[in-house]
Amino acid sequence: VFLSFIRKLGQGKVMFFPKLQVSRRVRLAAKLPWAFILVIAYICITFSLRLDHDGVKITGAVPSGLPPLKFPNKFFEAVPKLISITIQIVIIGYLESIAVETKFATLLKYQVRPTQEA
């Protein structure tokens with residue numbers, strides 16, 4: 001909510017009060033990378049108050065490199081289910097592309113041919 005409010009301020013708008021004018025200084029301040037600033041602030045607060053000693057879990061050391069490449073457990077048992085889901089995704093993607101093409105064909109007045117390749 002905070003970040004969406006800040007984003008609207010950067011656009012010169014105030015939520016729930018669209019006619020209220022926002023000053024240039026506030027608009028410039030709203031364009032700062034607030035998500036990054038909040039993450040850095042939380043890191044500093046956690047470190048300075050030693051919250052990890054009070055039971056707050058932190059990430060700690062992150063292992064370097066990539067994990068070894070291997071198939072997940074029970075991968076081959078899930079293949080039939082994955083194939084049916086894959087077919088559904090392909091059909092939905094095809095229908096969506098036809099719908100978008102039809103919309104543009106209506107706007108630009110040309111004929112839609114679903115069997116024609118791009």
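The following legends describe close-up views of a predicted model. Residues are numbered from 1 along each chain as its sequence is written, and side-chain values use heavy atoms, without hydrogens and water. Local features require pLDDT of at least 70 and side-chain atom pairs pLDDT 80 or more, while totals for chains, interfaces and linings use all residues.

**View 1. Overall fold of the chain.** The chain has four helices and zero strands (DSSP runs, H or I of at least four residues for helices and E of at least two for strands). Of the 118 residues, 7% are buried (under 20% relative accessible area, 1.4 Å probe, protein chains only).

**View 2. Lining of the largest pocket.** The space in this pocket is about 160 Å³. A pocket is an open set of points on a 1 Å grid where a 1.4 Å probe fits, with protein on both sides within 12 Å along at least five of seven lines; lining residues have an atom within 4 Å of a point. The lining comprises Tyr42, Ile43, Thr46, Phe47, Arg50, Asp52, Ile58 and Thr59.

**View 3. Nonpolar surface patch.** Leu32, Phe36, Ile37, Val39, Ile40 and Ile43 form a patch of about 530 Å². Such a patch joins nonpolar side chains within 5 Å, from residues with over 30% relative accessible area and no salt bridge (Lys or Arg side-chain nitrogen within 4 Å of an Asp or Glu carboxyl oxygen). Ile40 belongs to helix α3, residues 34-48.

**View 4. Positive phi angles in the loop between α3 and α4.** Arg50 lies in this loop, with phi near 50°. Lys74 is found in the loop as well, and its phi is about 60°.

Technical notes:
Points joined across faces, edges and corners; volume = space filled by probe spheres on them. Patch = residues over 30% accessible without salt bridge, like charges linked within 9 Å, V, L, I, M, F, W, Y side chains within 5 Å. Areas by Shrake-Rupley, 256 points an atom, 1.4 Å probe, with all protein chains shown as cover. Buried < 20%, exposed > 50% of the residue type's maximum accessible area, 1.4 Å probe, protein only.
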